[in-house]
Amino acid sequence: MKLTVLGIWAAYPKANDACSGYLLTAKGKNILLDCGSGVLSSLANYINFEDLDAVVLSHYHADHMSDIYPLQYAIDLLIRRGKRQEALLIYGHNDEAVFHTLNYKEACIAKPIKEGNDQNIGGVSFKFFKTKHQKTCHAMRVEVDEKVMVYTGDTGWMEELAEFARHTDLLICETSLFNQQKGLNEGHLTAGEAGRIAYISNAKELLITHFPHEGNIEELQHQAQEEFRGSPVLTAHKDMIITL
Ligand SMILES: [Zn+2]
Ligand SMILES: [Zn+2]
């Protein structure tokens with residue numbers, strides 16, 4: 001499977017960049033993980049929207065889903081022009097009324113994600129795990145050809161997350177805070193905690209992302225690396241591609 005980073009910023013995007021969004025390419029399918037502000041523009045560098053097979057949303061904060069709405073217009077226009085036949089399936093939890101806004105005309109269909117059992121999305125096996133956040137949020141575990149990738153979405157510290165991420169080849173972990181900011185914003189991880197989750201879960205590689213706008217990202221990398229001893233901590237940037 002291949003992961004293309006489309007955006008990395010918490011809350012709002014920097015110039016010519018985007019909030020959370022990752023394109024997963026596996027088994028010939030294009031699956032978008034989160035669709036925050038700016039992600040649609042980044043995505044257009046890689047695929048035509050007629051070739052997008054599904055979207056999976058971790059939660060309904062705008063930095064993870066606001067570009068869903070222009071994406072709905074795009075899919076509707078493509079269908080009406082005969083360039084796309086299938087409706088786009090958009091997966092998210094149905095604990096909040098926002099879920100129903102994922103439906104759009106005949107173009108987009110909201111599909112509930114399920115915790116626990118494996119869920120087949122676009123031919124790819126997903127598992128979901130509820131994280132600790134201000135709104136209901138799910139981490140996702142993707143398995144393709146014996147390779148495993150886990151994306152945390154947004155979360156505060158919870159040791160159970162390390163269990164969910166056990167033996168992952170790639171852990172994509174939110175890193176919203178510097179160690180010295182611990183407690184500043186509940187429902188988010190410090191860099192050290194991200195490194196600690198990677199260490200406990202025995203991840204092969206850690207990709208830190210979902211960055212704050214102030215401070216030095218290199219310092220976040222160092223703080224995560226102190227906890228994830230001996231294994232690589234990669235710093236996400238737009239257009240980064242990781243193949244597993
Ligand atoms: Zn966020
Ligand atoms: Zn959030």
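**Exercise 1. The edges of strand β1**

In which sense do β1 and strand β14 (residues 241-243) pair, and over how many bridges? Work out the surroundings of β1 in this predicted model.

*Solution.* Begin with the ground rules: residues are numbered from 1 along each chain as its sequence is written, and chains are lettered from A and ligands numbered from 1 in the order in which they are written. This is a predicted model in which local features need pLDDT of at least 70, side-chain atom pairs count only at pLDDT 80 or more and totals for chains, interfaces and linings use all residues, while side-chain values use heavy atoms, with hydrogens and water left out.

Step one is the pairing with β14: the sense is antiparallel, over 3 bridges, where strands are DSSP runs (E, at least two residues) numbered from the N terminus and two strands pair if DSSP finds at least two bridges between them. Within this pairing, T4 stands opposite I241 in β14.

Step two turns to strand β2 (residues 21-26), which runs antiparallel to β1 and is joined to it by 5 bridges; here L3 has L24 as its bridge partner.

Step three asks about cover: 5 of the 6 residues of β1 (residues 2-7) are buried, so the strand is largely enclosed by the rest of the structure. Buried means under 20% relative accessible area, exposed over 50%, and partly exposed in between (1.4 Å probe, protein chains only).

**Exercise 2. The fold as a whole**

Describe the overall make-up and dimensions of the protein.

*Solution.* Count the elements to begin with: the secondary structure comes to 6 helices and 14 strands, a helix being a DSSP run of H or I with at least four residues. The radius of gyration is 17 Å, close to the 18 Å that the globule rule gives for 244 residues, so the protein is as compact as a globular protein of that length; the radius is taken over C-alpha atoms, and the rule is 2.2 Å times the number of residues to the power 0.38.

Next, consider the extents, since the C-alpha trace spans about 55 × 35 × 30 Å along its principal axes. Buried residues make up 57% of the 244 residues. Of the contacts (heavy atoms within 4.5 Å) with a separation of 6 or more, 56% are accounted for by residues 24 or more positions apart.

**Exercise 3. Helix α5 and its neighbours**

Which elements do the buried residues of α5 pack against?

*Solution.* Start with the helix itself: α5 (residues 191-201) is mostly covered, with 8 of its 11 residues buried, and among them are A191, I197 and S201. These buried residues pack against α4 (159-164), β11 (170-174), β12 (205-209) and α6 (217-227). Just after the helix, N202 takes a positive phi of about 65°.

Then examine two of the neighbours together: β11 and β12 pair in the parallel sense over 5 bridges, with C173 having I208 in β12 as its bridge partner. As 4 of the 5 residues of β12 are buried, that strand is largely enclosed by the rest of the structure.

**Exercise 4. Two residues of β6 and one of α3**

Is A110 buried or exposed, and what can be said of K111 and Q72?

*Solution.* Take A110 to begin with, which lies in strand β6 and is buried, with a relative accessible area of 11%. Leaving out residues up to four places away in sequence, A110 touches I90, F99, L102 and N103.

K111, also found in β6 (residues 108-112), is partly exposed at 32% relative accessible area. With the sequence neighbours up to four places away not counted, K111 touches L89, I90, Y91, G92 and F99, and its C-alpha lies 8.5 Å from that of N94, a residue 17 positions apart in sequence.

Finally, Q72 in helix α3 (residues 68-80) counts as buried at 3% relative accessibility. Apart from neighbours within four places in sequence, the contacts of Q72 include I90, L102 and N103.

**Exercise 5. F128 in strand β8**

Which residue, 36 residues along the chain from F128, has its C-alpha 8.8 Å away?

*Solution.* F128 belongs to strand β8 (residues 124-130) and is buried, with a relative accessible area of 4%. The residue sought is F164. Outside the four nearest places in sequence, F128 touches a set of residues including V56, I113, H138, M140 and F164.
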